[in-house]
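Please open the model in your viewer and keep the selection panel at hand, since each stop on this tour begins with something to select.

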Amino acid sequence: MLDYRTHTFLEVYRRRSFTRAAEALLITQPAVSQHIRQLEAHYRCPLFAKTGRGVEPTPAANLIYQRLLAMENDEGRLRAEAAELCERPTGGDVAPLRFGCTRTIADYVAPRLMAAHLSRHPHASVTLRAGNTRDLVAALEHGEIDFALVEGSFDRSCFAYETLSREAYVAVAAADGSTGLGASGTSGAATTLDAAPSPQTEAAPSPVTATLRPASIRELLGHRLILREAGSGTREILEKHLAAREVSLEDFAGVVELESIPTIKACVQAGGGISFMYRVAVERELAQGELVDITPDDFQIEHDFCLIWQRGSQYAPRYRALCAAWRS
C-alpha cells in the first residue's frame, strides 16, 4: 500500500496546485503543504516552485512522478488481482490481460495473438481496448490499461518496451489504377498512377501493377490521399517520413481523413484515392488483386510494432515474457 503522502504528491503534480489537490483529496491545504515538505526532506531536494497561478514541478519532481505513478498503477493491478483471488481462490491459469492496441494491430494482428493466447490459456480473462497511440499512452498513464501494443512513437523515457515485430509500410491504390484525381489535381475521370497514354491513342490508361511503381514519392502528389486521423500511429509514420523528404500532406492534390482502416481500404478500392498503411493490414486485398502496392522506390519503410508499459513497473518481467511468447 502506498504512503498517503505519495498520493498527495501525485495529485499536486497533476493539478499544479496545492489548493486544488487539497480539494480533490478532501484534506486541508496546510496538510498538503506538510506532506510535500516531508517528501522534500525524504528526497533531499525541492519538488515544486511557486508561480503566479500555482506551482510547477522541478526536474527531480518529474522523475519522481513517473516512478511513483508506475507504483500507483501497479498497486491498482495488485488490488484487482488480490480481489479476484478472493472471489475465486483457485484463480485462473494466467494473469488477466487488460491492454490496448492501436487500430491496425487491433484489427489485423491482435486476433491472431489472442487466439494463440487463449489456446494456451483457455480460462484467461482478456480485455482489449482499441485507440490511437496518443489515447493509449494516456490510458497507460491513468492506469486504465496495463500495457499497449502500438505502432506510433512514444516517450522512451516514460515507457519501457519490447519489439513485437517489424512491419513494412506501403502505399496502395485501386487495382484498376483509379484515384479520383489526376496529376493536375483536378477532379474528374479516374486516372492511373503509371505512365500517361501516348498521343496516338484515346484508349484509357492501363491499370497500375506492382511492377510499375513510381520512383519517387513526388510522383504521387497529384493524387488524393486518404489517411487516418491526427494522433494515429499510421498517420504519424507517414508525416515523419514525408517531412524527411521535404514533402507534407498539403502537397497532395487532396486529403481525406477516415478513422476506420476498413473504410479507408474500401474507399481506395473504389477509386477514391491512394493511401499508406502497414502491409499486414492489406495483405488479403493485395493477394486477391483488389489493391496494388505502389510504394515508391524512395519510400521503402519498415517500422516496429512495440509492446509498451510504464517504465519502473514491477510487472515488467511479465510483459517481456508475454511479448516473447507472442513473437514465437
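Select Cys306 in this predicted model and display its surroundings: leaving aside residues up to four places away in sequence, Cys306 touches Ala148, Leu149, Val150, Phe154, Tyr161, Glu162, Thr163 and Leu164. Cys306 itself belongs to strand β11, which runs over residues 301-310, and it counts as buried because its relative accessibility is 4%, below the 20% cut-off. Add Ser165 to the selection and draw a line between the C-alpha atoms, which lie 7.2 Å apart in space although Cys306 and Ser165 are separated by 141 residues in sequence.

Next, select helix α1 (residues 4-15) together with helix α4 (residues 59-87), whose axes come within 10 Å and cross at roughly 120 degrees; that angle makes α1 oblique to α4, and the crossing is left-handed. To see the contact, show side chains for Thr6, His7, Phe9, Leu10, Tyr13 and Arg14 on α1, and for Ala61, Asn62, Ile64, Tyr65, Leu68, Leu69, Glu72 and Glu75 on α4. Coloured by class, the residues of this contact divide into 8 nonpolar, 3 polar and 3 charged.

Finally, move to helix α6 (residues 110-120) and helix α11 (residues 316-327), which pack with their axes 10 Å apart at an angle of about 105 degrees, and which are therefore roughly perpendicular to each other. Here the residues to pick are Leu113, Met114, His117 and Arg120 from α6, and Leu322, Ala325 and Trp326 from α11, which make the contact. By class, the contact of α6 with α11 comprises 5 nonpolar, 1 polar and 1 charged residues.

Technical notes: Residues are numbered from 1 along each chain as its sequence is written. This is a predicted model: local features need pLDDT of at least 70, side-chain atom pairs count only at pLDDT 80 or more; totals for chains, interfaces and linings use all residues. Side-chain values use heavy atoms; hydrogens and water are left out. Axes are lines fitted to C-alpha atoms, for helices over the stretch in contact, and angles run from 0 to 180 degrees between N-to-C directions. Helices (H or I, at least four residues) and strands (E, at least two) are DSSP runs, numbered from the N terminus. Angles under 35 degrees count as roughly parallel, over 145 as roughly antiparallel, 65 to 115 as roughly perpendicular and the rest as oblique. A crossing is left-handed if the near helix is turned anticlockwise from the far one by less than a right angle, and right-handed if clockwise. Contact means heavy atoms within 4.5 Å. Ala, Val, Leu, Ile, Met, Phe, Trp, Tyr, Cys and Pro count as nonpolar, Asp, Glu, Lys and Arg as charged, and the others, Gly among them, as polar. Buried means under 20% relative accessible area, exposed over 50%, partly exposed in between (1.4 Å probe, protein chains only).
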